[in-house]
Amino acid sequence: MSSFSAAVQGDEILNNITLYAEKVFTPKYKKELHHSRWSVRMNALYAIEDFGLTTLTHQLVEMYEKKIVQRLKKIKF
């Protein structure tokens, strides 16, 4: 997206691209965040960052916090 956004000028156009990406790609990236392959999860994260998708922020924070709790439980036991 960064190379595409460099070619496209204007905040309104970039905002429309982000809105479209949130509408169309959010379910896809949400599913890919739980994929068993690390590469698929990382590509989803890169795409979320590139498109500036904020709709998945809450889910990403929850996933991060869950992972921290799991690690703390492993340390205690």
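**Exercise 1. Is K30 buried, partly exposed or exposed, and what is its relative accessibility?**

*Solution.* The model is predicted: local features require pLDDT of at least 70, side-chain atom pairs count only at pLDDT 80 or more, and totals for chains, interfaces and linings use all residues. Residues are numbered from 1 along each chain as its sequence is written, and side-chain values use heavy atoms, with hydrogens and water left out.

Step 1. Recall the classes: buried means under 20% relative accessible area, exposed over 50%, and partly exposed in between, with a 1.4 Å probe and protein chains only.

Step 2. K30 has 43% relative accessibility and therefore counts as partly exposed.

Step 3. Place the residue: K30 belongs to helix α2, where helices (H or I, at least four residues) and strands (E, at least two) are DSSP runs numbered from the N terminus.

Step 4. List the contacts, a contact being heavy atoms within 4.5 Å. Apart from neighbours within four places in sequence, K30 contacts L56 and Q59. The C-alpha atoms of K30 and I48 are 9.6 Å apart, with the two positions 18 residues apart in sequence numbering.

**Exercise 2. Determine how helices α2 and α3 are arranged.**

*Solution.* Step 1. Set the context: the protein chain has 4 helices and 0 strands, in the order α-α-α-α from the N terminus.

Step 2. Take the axes, which are lines fitted to C-alpha atoms, for helices over the stretch in contact, with angles from 0 to 180 degrees between N-to-C directions. The axes of α2 (residues 11-32) and α3 (residues 38-51) come within 10 Å and cross at roughly 165°. That makes α2 roughly antiparallel to α3, a label for angles over 145 degrees.

Step 3. Assign the hand: the crossing of α2 and α3 is left-handed, meaning that the near helix is turned anticlockwise from the far one by less than a right angle.

Step 4. Identify the contact residues. From α2, I17, T18, A21, F25, Y29 and E32 meet V40, R41, A44, A47, I48 and F51 of α3. By class, this contact of α2 with α3 comprises 9 nonpolar, 1 polar and 2 charged residues; Ala, Val, Leu, Ile, Met, Phe, Trp, Tyr, Cys and Pro count as nonpolar, Asp, Glu, Lys and Arg as charged, and the others, Gly among them, as polar.

Step 5. Examine the course of α2: helix α2 bends by about 55° at F25, and the proline P27 follows within four residues. The bend is the angle between axes fitted to the seven residues ending at a residue and the seven starting there.

**Exercise 3. Characterise the burial of T18 and A44, and list their contacts.**

*Solution.* Step 1. T18, in helix α2, counts as buried because its relative accessibility is 16%. The buried residues of α2 also include I17, A21 and Y29.

Step 2. Beyond neighbours within four places in sequence, T18 contacts F51, G52 and L53. T18 and F51 are 33 residues apart in sequence, yet their C-alpha atoms are 5.7 Å apart.

Step 3. A44, in helix α3, is buried, with a relative accessible area of 0%. Not counting residues up to four places away in sequence, A44 touches Y29, E32 and L33.

Step 4. Relate these to the chain: of its 77 residues, 22% count as buried.

Technical notes. Parallel < 35°, antiparallel > 145°, perpendicular 65-115°, else oblique.
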